[in-house]
Amino acid sequence: MGCMGYADDVIIIRPTVTALKIMIQIVDKFGEEYNVKFNPDKCKLLCYNNGTGDGICRGITHNGVYISAEQSASHLGNTLGTNL
């Protein structure tokens, strides 16, 4: 599964950081082509990396804005997190 969505809430699920970067590039291109505005300030990045904390999720951007890694996020009233 590549993503889940409900109305205007979307979760992108990718097995690697490289695959995530490619998916975000596709989203950015789609937005440009179809004049859809995505708000990178509302993006949350959860990285499940076996708790190593090695920073493998750094450098992820959406529309030129860096997305910071978070420990948890709420989606449709459900809390998702790296420690849950």
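A residue counts as buried when its relative accessible area is under 20%, as exposed when that area is over 50%, and as partly exposed in between (1.4 Å probe, protein chains only). The structure looked at here is a predicted model, in which local features need pLDDT of at least 70 and side-chain atom pairs count only at pLDDT 80 or more, while totals for chains, interfaces and linings use all residues. Residues are numbered from 1 along each chain as its sequence is written, and side-chain values use heavy atoms, with hydrogens and water left out.

Strand E5 is a handy place to see burial at work. Its side chains alternate: Ala73 and His75 point to one face and are buried, whereas Ser72 and Ser74 point to the other and are not. Across the whole protein chain of 84 residues, 24% are buried.

As for the overall layout, the chain has one helix and six strands. Read from the N terminus, the order is β-β-α-β-β-β-β. Helices (H or I, at least four residues) and strands (E, at least two) are DSSP runs, and they are numbered from the N terminus. The predictor's confidence in each residue is given as pLDDT, on a scale from 0 to 100. Its mean over the protein chain is 81, and 88% of the residues reach 70 or more. Among the elements, strand E1 (residues 3-6) has the lowest mean pLDDT, 78, and helix H1 has the highest, 90.

Now for the strand pairs, where two strands pair if DSSP finds at least two bridges between them. E1 and E2 pair in the antiparallel sense over four bridges, and Tyr6 sits opposite Asp9 in E2. Their hairpin has two residues between the strands, and Ala7 there takes a positive phi near 55 degrees. E5 (residues 72-75) and E6 (residues 78-81) also form an antiparallel pair over four bridges. In this pair, Ala73 stands opposite Leu80, and Ser74 has Thr79 as its bridge partner. The hairpin of E5 and E6 has two residues between the strands, with Leu76 at a positive phi near 55 degrees.

Two buried residues come next. Ile60 belongs to the loop between H1 and E3 and is buried, with a relative accessible area of 1%. Its C-alpha atom is separated by 8.3 Å from that of Leu20, although the two residues are 40 apart along the chain. His62 is part of strand E3 (residues 61-62) and counts as buried at 5% relative accessibility. The side chains of His62 and Asp28 are joined by a polar contact of 2.6 Å. Such a contact is a pair of N or O atoms within 3.5 Å; within protein, one must be able to donate a hydrogen and the other to accept it, and residues adjacent in sequence count only if both atoms are side-chain atoms.

Last up is the largest pocket. It is lined by 35 residues, of which Val10, Ile11, Ile12, Cys43 and Lys44 lie nearest its centre. On a 1 Å grid over the protein atoms alone, a pocket is an open set of points where a 1.4 Å probe fits, with protein on both sides within 12 Å along at least five of seven lines, and lining residues have an atom within 4 Å of a point. Strand E2 (9-12), helix H1 (17-34) and E5 each supply at least two lining residues, and H1 gives the largest share, five residues.
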